[in-house]
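Biologist: I've got a model open on my screen and I'd like to learn how to read it. Could you walk me through a few features?

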Amino acid sequence: MPRSFDSVFYGAAGGGEDLPSDDEFNRVSFLSHFDGANNGVNNAFDDGSASNHTITRSGDAQQGSFGPFAREEGYWGVAFDGSDGLSSPASTDYEFGTSDITVEYWAFPTTSGAISNILDNRQEADGWKLGRDASNRFQVYNEVTSSYLFESGTFPQGAWSHFCWTRASGVNKFFINGVQSGSNVSDNSNFDSNSLNIGVQRNGASQFFTGTISGVRVIKGTAVEPSGLPT
């Protein structure tokens, strides 16, 4: 198992070296390395942030040893077969208001040509979702304005991609594999939705993701821009 959750998921596997710490860990609302909690059965999930949110699976989503980088035991990915998902219940940790935010993930799609959700925070009220459209582009959708903050780039099938969305003082930026994509977008919407779905739309029954997701991180109150591709 990982030595400490505040190590997040940076760095490579190795012979007992100290891992870099995450300076923003005290602000992290949700962090899942997708390492299991049930002795290798691989179908229970932990939130590694201090909030320790419950994560519930629908269908047969499960951990595997496949991830975007090599690490010690743990820090894996979760395989989604196109009919399952994960959910974390309502919490003020996901109720961003107009504050600064960071949302990021790694994903490895194994199909293309259909809308699929990575993260969806719209269950109760006005929120946001991150996903992939039918043209294999990255998406950030704003439920408050019923419009896309971002719909661009190439989200390839059969390859790992890292995506990060930040908002600082109403300025939204979008990063693909550590590099900003497109222009800054001014939007300071009040996001008051407060649950989180992974790999499926908010209704739990459509726009399923097929492939592997790893390293999901949500930070409330701080915009943490990547300085190059996380390794």
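Modeller: We'll go through a strand, a core and two polar residues. This is a predicted model, where local features need pLDDT of at least 70, side-chain atom pairs count only at pLDDT 80 or more, and totals for chains, interfaces and linings use all residues. Residues are numbered from 1 along each chain as its sequence is written, and side-chain values use heavy atoms, with hydrogens and water left out.

Biologist: Is strand S7 buried or exposed, and why?

Modeller: Buried means under 20% relative accessible area, exposed over 50%, and partly exposed in between (1.4 Å probe, protein chains only). Strands are DSSP runs of E, at least two residues, numbered from the N terminus. In S7 (residues 116-120), 5 of the 5 residues are buried, so the strand is largely enclosed by the rest of the structure.

Biologist: Which strand does S7 join through 4 bridges?

Modeller: Two strands pair if DSSP finds at least two bridges between them. S7 is joined by 4 bridges to S8 (residues 128-132), running antiparallel, and there Ser-116 has Arg-132 as its bridge partner. S7 also pairs with S15 (residues 196-198), again in the antiparallel sense, over 2 bridges. On that side, Leu-119 is matched with Ile-198.

Biologist: Which residues have the most contacts inside the largest nonpolar core?

Modeller: In soluble globular proteins, nonpolar side chains tend to be buried together. A nonpolar core here is a set of buried Ala, Val, Leu, Ile, Met, Phe, Trp, Tyr and Cys residues joined through side-chain atoms within 4.5 Å. The largest one has 29 residues, and Tyr-105, Leu-119, Trp-128, Phe-163 and Trp-165 have the most contacts inside it. Strand S6 (residues 101-109) gives the most to this core, with 4 residues. Contact means heavy atoms within 4.5 Å; leaving aside neighbours within four places in sequence, Trp-165 is in contact with residues including Trp-128, Leu-130 and Phe-191.

Biologist: Now the polar ones. Where is Ser-189 found?

Modeller: Ser-189 is in the loop between S14 (185-186) and S15, and at 8% relative accessibility it counts as buried. A polar contact is a pair of N or O atoms within 3.5 Å; within protein, one must be able to donate a hydrogen and the other to accept it, and residues adjacent in sequence count only if both atoms are side-chain atoms. The Ser-189 side chain makes one with the side chain of Asn-142 (2.9 Å) and another with that of Asp-187, at 2.7 Å.

Biologist: And what does the side chain of Asp-81 make a polar contact with?

Modeller: With the side chain of Ser-83, at 2.8 Å. Asp-81 sits in strand S4 (residues 77-81) and counts as partly exposed, at 42% relative accessibility.
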